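This report goes through strand pairing, the nonpolar core, salt bridges and exposed nonpolar residues, in that order.

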Amino acid sequence: MTNPHGKRRGTRDMFARDFRKRGMIPLSTYMKTYRIGDIVDIKGCGTVTSGMPYKAYHGKTGRVFNIAKRAVGVIVNKKVRGKILAKRINLRIEHINHSKCRDDFLNRVKKNELVKKEAKASGTFVCTKRAPVNPRTSHTVKGKGIVVEEV
(Lines give C-alpha, C1' and ligand atoms only; values in the text may rest on other atoms or scores of the structure.)
Protein backbone atom coordinates (compact mmCIF):
# COMPACT_ATOMS: atom_id res chain seq x y z
CA MET A 1 0.00 0.00 0.00
CA THR A 2 1.32 3.49 -0.85
CA ASN A 3 1.64 6.37 1.55
CA PRO A 4 -1.38 8.65 2.01
CA HIS A 5 -1.14 12.20 0.73
CA GLY A 6 -3.64 14.01 2.96
CA LYS A 7 -3.21 17.13 5.09
CA ARG A 8 -2.95 15.12 8.31
CA ARG A 9 -0.51 12.51 7.01
CA GLY A 10 2.02 11.46 9.68
CA THR A 11 0.22 13.13 12.58
CA ARG A 12 -0.87 10.09 14.60
CA ASP A 13 1.40 10.93 17.52
CA MET A 14 1.62 14.66 16.83
CA PHE A 15 -2.05 15.47 17.38
CA ALA A 16 -2.73 12.68 19.90
CA ARG A 17 -3.62 13.77 23.42
CA ASP A 18 -1.30 12.86 26.27
CA PHE A 19 -1.81 9.84 28.51
CA ARG A 20 -4.63 10.51 31.03
CA LYS A 21 -5.36 13.85 29.32
CA ARG A 22 -8.00 12.56 26.90
CA GLY A 23 -11.65 13.55 26.89
CA MET A 24 -13.03 16.93 27.93
CA ILE A 25 -10.83 19.97 27.53
CA PRO A 26 -10.34 21.84 30.85
CA LEU A 27 -12.24 25.11 31.19
CA SER A 28 -8.99 26.91 32.06
CA THR A 29 -8.09 26.63 28.36
CA TYR A 30 -11.04 28.87 27.50
CA MET A 31 -10.52 31.27 30.41
CA LYS A 32 -7.05 32.40 29.29
CA THR A 33 -6.80 35.91 27.89
CA TYR A 34 -4.71 36.64 24.81
CA ARG A 35 -3.71 40.14 23.79
CA ILE A 36 -2.18 41.45 20.59
CA GLY A 37 1.58 41.07 20.81
CA ASP A 38 1.54 38.03 23.14
CA ILE A 39 3.99 35.25 22.34
CA VAL A 40 2.23 31.88 22.00
CA ASP A 41 3.24 28.28 21.36
CA ILE A 42 1.25 26.34 18.75
CA LYS A 43 0.32 22.79 19.76
CA GLY A 44 -2.46 21.07 17.85
CA CYS A 45 -5.11 19.43 20.03
CA GLY A 46 -6.66 16.38 18.36
CA THR A 47 -9.95 16.70 20.25
CA VAL A 48 -10.96 19.88 18.41
CA THR A 49 -10.60 19.46 14.67
CA SER A 50 -11.86 22.92 13.69
CA GLY A 51 -9.32 25.73 13.66
CA MET A 52 -6.47 23.23 13.81
CA PRO A 53 -3.01 24.25 12.57
CA TYR A 54 -1.36 22.54 9.63
CA LYS A 55 1.27 20.04 10.80
CA ALA A 56 4.18 22.27 9.73
CA TYR A 57 3.19 24.84 12.38
CA HIS A 58 2.93 22.33 15.26
CA GLY A 59 5.51 23.19 17.93
CA LYS A 60 6.29 26.64 16.52
CA THR A 61 6.20 29.90 18.45
CA GLY A 62 4.50 33.01 17.09
CA ARG A 63 3.08 36.41 18.00
CA VAL A 64 -0.65 37.24 18.20
CA PHE A 65 -1.73 39.85 15.63
CA ASN A 66 -5.54 39.46 15.65
CA ILE A 67 -8.19 38.33 18.12
CA ALA A 68 -11.61 36.98 17.15
CA LYS A 69 -14.46 35.49 19.19
CA ARG A 70 -13.13 31.93 19.41
CA ALA A 71 -9.82 32.20 17.58
CA VAL A 72 -6.64 34.23 17.35
CA GLY A 73 -4.42 35.20 14.43
CA VAL A 74 -0.75 34.30 14.87
CA ILE A 75 2.31 35.36 12.86
CA VAL A 76 4.73 32.42 12.53
CA ASN A 77 8.03 32.13 10.69
CA LYS A 78 8.13 29.29 8.14
CA LYS A 79 11.08 28.20 6.02
CA VAL A 80 10.09 27.86 2.36
CA ARG A 81 12.81 26.96 -0.15
CA GLY A 82 15.61 28.65 1.79
CA LYS A 83 13.58 31.77 2.63
CA ILE A 84 11.97 32.48 5.99
CA LEU A 85 8.47 33.86 5.47
CA ALA A 86 6.23 35.44 8.10
CA LYS A 87 2.98 33.47 7.72
CA ARG A 88 -0.33 34.63 9.21
CA ILE A 89 -2.54 31.79 10.40
CA ASN A 90 -5.82 31.69 12.31
CA LEU A 91 -6.13 29.15 15.13
CA ARG A 92 -8.73 28.30 17.71
CA ILE A 93 -7.61 28.89 21.29
CA GLU A 94 -7.52 25.15 22.07
CA HIS A 95 -4.43 24.88 19.87
CA ILE A 96 -2.29 27.59 21.50
CA ASN A 97 -0.68 28.23 24.89
CA HIS A 98 1.12 31.22 26.37
CA SER A 99 4.83 30.79 25.71
CA LYS A 100 7.28 30.67 28.61
CA CYS A 101 10.23 31.68 26.42
CA ARG A 102 10.34 35.25 27.82
CA ASP A 103 9.89 34.36 31.50
CA ASP A 104 13.61 34.01 32.23
CA PHE A 105 14.34 37.31 30.48
CA LEU A 106 11.62 39.21 32.38
CA ASN A 107 12.73 37.71 35.71
CA ARG A 108 16.32 38.73 34.96
CA VAL A 109 15.20 42.30 34.16
CA LYS A 110 13.32 42.55 37.48
CA LYS A 111 16.29 41.16 39.40
CA ASN A 112 18.68 43.58 37.67
CA GLU A 113 16.45 46.55 38.53
CA LEU A 114 16.49 45.55 42.22
CA VAL A 115 20.28 45.10 42.17
CA LYS A 116 20.75 48.50 40.50
CA LYS A 117 18.46 50.16 43.04
CA GLU A 118 20.42 48.67 45.96
CA ALA A 119 23.74 49.61 44.34
CA LYS A 120 22.59 53.20 43.81
CA ALA A 121 21.52 53.46 47.44
CA SER A 122 24.89 52.16 48.66
CA GLY A 123 26.85 54.19 46.05
CA THR A 124 28.62 51.25 44.39
CA PHE A 125 28.77 50.10 40.77
CA VAL A 126 27.27 46.75 39.78
CA CYS A 127 27.68 45.13 36.36
CA THR A 128 24.43 43.43 35.33
CA LYS A 129 25.77 41.92 32.10
CA ARG A 130 25.77 38.15 31.78
CA ALA A 131 29.31 36.79 31.82
CA PRO A 132 30.26 33.41 30.35
CA VAL A 133 31.31 30.74 32.83
CA ASN A 134 35.09 30.39 33.05
CA PRO A 135 36.68 27.01 32.35
CA ARG A 136 37.48 24.87 35.38
CA THR A 137 40.98 25.10 36.82
CA SER A 138 43.43 22.29 36.17
CA HIS A 139 43.48 19.40 38.64
CA THR A 140 44.71 15.82 38.88
CA VAL A 141 42.32 12.93 39.09
CA LYS A 142 43.42 10.25 41.53
CA GLY A 143 41.98 6.76 41.73
CA LYS A 144 42.35 4.15 44.43
CA GLY A 145 43.88 0.87 43.28
CA ILE A 146 43.84 1.73 39.59
CA VAL A 147 46.86 0.56 37.64
CA VAL A 148 48.05 2.99 34.98
CA GLU A 149 49.04 1.37 31.70
CA GLU A 150 51.56 3.09 29.45
CA VAL A 151 51.39 2.36 25.75
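Contact here means heavy atoms within 4.5 Å. The model is a predicted one. By that criterion, and not counting residues up to four places away in sequence, Val 64 touches Arg 35, Ile 36, Gly 37, Asp 38, Val 40, Val 72, Gly 73 and Val 74.

**Strands.** Strand 1 (residues 39-42) and strand 2 (residues 61-67) run antiparallel and are joined by three bridges. Across this pairing, Ile 39 stands opposite Arg 63 in strand 2. Strand 2 also pairs with strand 3 (residues 71-80), again in the antiparallel sense, over four bridges. Here Ile 67 has Val 72 in strand 3 as its bridge partner. The connection from strand 2 to strand 3 is a hairpin of three residues.

**Core.** Val 64 also belongs to the largest nonpolar core, which has twelve residues in all. Its other members are Tyr 34, Val 40, Ile 42, Tyr 57, Val 72, Val 74, Val 76, Ile 89, Leu 91, Ile 93 and Ile 96. Strand 1, strand 3 and strand 4 (83-92) are the elements that give two or more residues to this core. The most comes from strand 3, with three residues.

**Salt bridges.** The whole structure contains two salt bridges. They are listed with the distance between their closest N and O atoms.

| Salt bridge | Closest N and O atoms |
|---|---|
| Lys 43 and Asp 18 | 3.9 Å |
| Glu 94 and Arg 92 | 3.3 Å |

The bridge between Lys 43 and Asp 18 links distant parts of the chain, 25 residues apart. Lys 43 is in the loop between strand 1 and strand 2, while Asp 18 is in the segment before helix 1. Lys 43 has a relative accessible area of 45% and is therefore partly exposed; Asp 18, at 43%, is partly exposed. In the other bridge, Glu 94 is buried because its relative accessible area is 9%, under the cut-off of 20%. Arg 92, at 24%, is partly exposed.

**Exposed nonpolar residues.** Which residues form a nonpolar patch on the surface? They are Leu 27, Tyr 30 and Met 31, with about 370 Å² of accessible area together. Leu 27 lies in the segment before helix 1 (28-31) and counts as exposed because its relative accessibility is 66%, over the cut-off of 50%.

Phe 125, in the segment after helix 2 (103-122), has a relative accessibility of 74% and so counts as exposed. Phe 125 is ten residues from Val 115 in sequence, and their C-alpha atoms are 10.0 Å apart in space.

Conventions
Residues numbered from 1 in each chain as written. Predicted model: local features only at pLDDT ≥ 70, side-chain atom pairs only at ≥ 80, totals over all residues. Heavy atoms only, no water. Patch = residues over 30% accessible without salt bridge, like charges linked within 9 Å, V, L, I, M, F, W, Y side chains within 5 Å. Areas by Shrake-Rupley, 256 points an atom, 1.4 Å probe, with all protein chains shown as cover. Salt bridge = Lys/Arg side-chain N within 4 Å of Asp/Glu carboxyl O. Buried < 20%, exposed > 50% of the residue type's maximum accessible area, 1.4 Å probe, protein only. Pairing = 2+ DSSP bridges. Core = buried A, V, L, I, M, F, W, Y, C linked by side-chain atoms within 4.5 Å.
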